[in-house]
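Look at the chain below and follow it from its overall make-up to single pairs of residues. The paragraphs after it take up one topic at a time.

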Amino acid sequence: MLTNTRKISFYKMCVTSFVAFISVFTINNGYALSKSNLATDESGQLALLEPFKIIAGDKPTAIAITPNGKFAYVISALNKVFQYSIDSAGGQLFLERNDISTGKNPVSIAITPNGKFAYVVNLDSHDVSQYGIGDDGVLTPLGTVPTGYLAIQIAIAPNGKFAYITSMGSSTTPNLESPNVSQYSIGDNGQLTLLSSFLTGKNPISGIAIASNSNTAYIANYIKYGLVVPYSIGANGELQAPISSGQSAGGYTTKIAISPNGKYLYSISDTQAPDTDIFNTFLIDNRGDISITQQSYGGMFKASSITMSPNGKYIYITDAEFGVIWEYSIDVGGIPSPLNPDIIQTGETPKAMAITPDNRFAYVVSNAEGAVYQYMIKQ
């Protein structure tokens, strides 16, 4: 359960958020004409930009930003990629194109560390769409590559050499009892070449993250008591045997993230009870193994994403049930602490979040509203 302080904070927000939106904004087709009351006092806190949201197609699910911070891409149920330019001064998104086709039901997107290529995982067509990224941010289709059955998430190694896509089943076994990771090398031309498919057992995969040194992959399993398992990565980019049996995350693990310095891993677990999602902090040792250092009931009702700021100082968790973002600072020991206040309103059913490389601006995809909410990050 929430602590008394966090309960008061959350319910106060719920009661006052509607009043705040009316008093702060004059609404005109969903755009804010005034944001005078949005300033925050603590570094890391989010404050809505003006305009506070921009269209993103029908039921958008994910967002990615190029490493140079100039462009953002959002995928939607329209089977399209929406391309935006990012204003370097104010952080506002400007829609450039909305006619870039994907496969059927795109669910995740990732960009290579050099900013030259983008990949979109398509759930219903069981493939990944490949794109080249021009200097102007325009995507050039490079064809598709098959994935496993019901592919969900993509992670690219920080060294830019390999990509990993999680699926509910293998391409040869189209069922839900053979979850696996399809492993690809990334060519100089951006083309993915399948190396192999790595079976992870019978537990559904809910998340994957690659260590900053590209030597370890962490896989979260959606089972009753949660499990995060570290796997070593060979020189050829393929997953090896587990480093250990992993660590329990206390509930159905849904999302994981790794700190930029590679020392800490964070996870969110769904206990399937109101008010009790679990927020875990793990220490990563020199072998890549993990040990839990803090486990707390974060107060989330339905956490949908966990995002670290590129400087490693803050963590943000979107709550799909109440349309809010939980905000945390990270101390020198990797332990998160709620900011004060620790929540801010966002769009209905937030699905994903992305932060610019300079840590100045953040964007949250609202699935129900077909929009992206725009924020500045207090410095």
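**Charged pairs, core and rings**

The side chains of R97 and D99 form a salt bridge, with N and O 3.0 Å apart. R97 has a relative accessibility of 29% and counts as partly exposed, because that value falls between the limits of 20% for buried and 50% for exposed. D99 is partly exposed as well, with a relative accessible area of 44%. The model in which this pair is found is a predicted one.

The structure holds five salt bridges. Another of them joins E369 to K53, and here the closest N and O atoms are 3.0 Å apart. This pair links distant parts of the chain: E369 sits in the loop between β29 and β30, K53 belongs to strand β3, and 316 residues separate them in sequence. E369 is partly exposed, its relative accessible area being 30%. A further salt bridge is made by the side chains of K59 and D58, at 3.8 Å from N to O. Both partners are again on the partly exposed side: K59 has a relative accessible area of 45%, and D58 has a relative accessibility of 36%.

Now take the chain as a whole. What does its secondary structure come to? There are one helix and 30 strands. The chain has 379 residues, of which 56% count as buried. Among contacts between residues at least 6 apart in sequence, 44% join residues at least 24 apart.

One pair of strands can be followed in detail. Strand β10, residues 127–133, and strand β11, residues 139–146, pair in the antiparallel sense over six bridges. In this pairing, D127 stands opposite P146 of β11. The hairpin of β10 and β11 has five residues between the strands, and G137 in this hairpin takes a positive phi near 85°.

The next topic is the interior. How many residues does the largest nonpolar core have? It has 17, and those with the most contacts inside it are I63, V74, Y84, L93, Y363 and V372. Several strands each supply at least two residues of this core: β3 (46–55), β4 (62–65), β5 (71–76), β6 (80–86), β28 (350–355) and β29 (361–366).

Y363 is a good place to look at contacts within this region. Residues up to four places away in sequence are not counted; beyond those, Y363 touches I63, I65, I86, G91, L93, A352, M353, A354, T356, V372, Y373 and Q374. One of these, T356, is found in the loop between β28 and β29. Is T356 buried or exposed? T356 is buried, because its relative accessible area of 3% is under the limit of 20%. The side chain of T356 reaches the backbone nitrogen of R360 at 3.5 Å. With neighbours within four places in sequence left aside, T356 is in contact with I65, I86, P310, F361 and Y363.

Aromatic rings give another view of the interior. A pair of aromatic rings is described by the distance of the centres and the angle of the planes. The count of such pairs in this structure comes to five. In one of them, the rings of F52 and Y373 have their centres 5.5 Å apart and their planes at 45°, so the pair is tilted. F52 lies in strand β3 and Y373 in strand β30 (residues 371–377), so this pair ties together parts of the chain that are 321 residues apart in sequence. Both rings belong to buried residues: F52 has a relative accessible area of 4%, and Y373 has a relative accessibility of 5%.

F279 and Y328 form an aromatic pair that is edge-to-face, at 4.9 Å from centre to centre and with 65° between the planes. Why does this pair tie together parts of the chain that are 49 residues apart in sequence? F279 lies in strand β22 (residues 278–284), whereas Y328 lies in strand β26 (residues 324–330), so the pair joins those two parts. F279 and Y328 are both buried. Together with Y266, F279 and Y328 form one aromatic cluster.

Conventions
Residues numbered from 1 in each chain as written. Predicted model: local features only at pLDDT ≥ 70, side-chain atom pairs only at ≥ 80, totals over all residues. Heavy atoms only, no water. Core = buried A, V, L, I, M, F, W, Y, C linked by side-chain atoms within 4.5 Å. Buried < 20%, exposed > 50% of the residue type's maximum accessible area, 1.4 Å probe, protein only. Helix = DSSP H or I, 4+ residues; strand = E, 2+ residues; numbered from the N terminus. Contact = heavy atoms within 4.5 Å. Polar contact = N/O pair within 3.5 Å; in protein donor to acceptor, adjacent residues only side chain to side chain. Pairing = 2+ DSSP bridges. Phe/Tyr/Trp six-rings, centres within 6.5 Å; stacked < 30°, edge-to-face > 60°. Salt bridge = Lys/Arg side-chain N within 4 Å of Asp/Glu carboxyl O.
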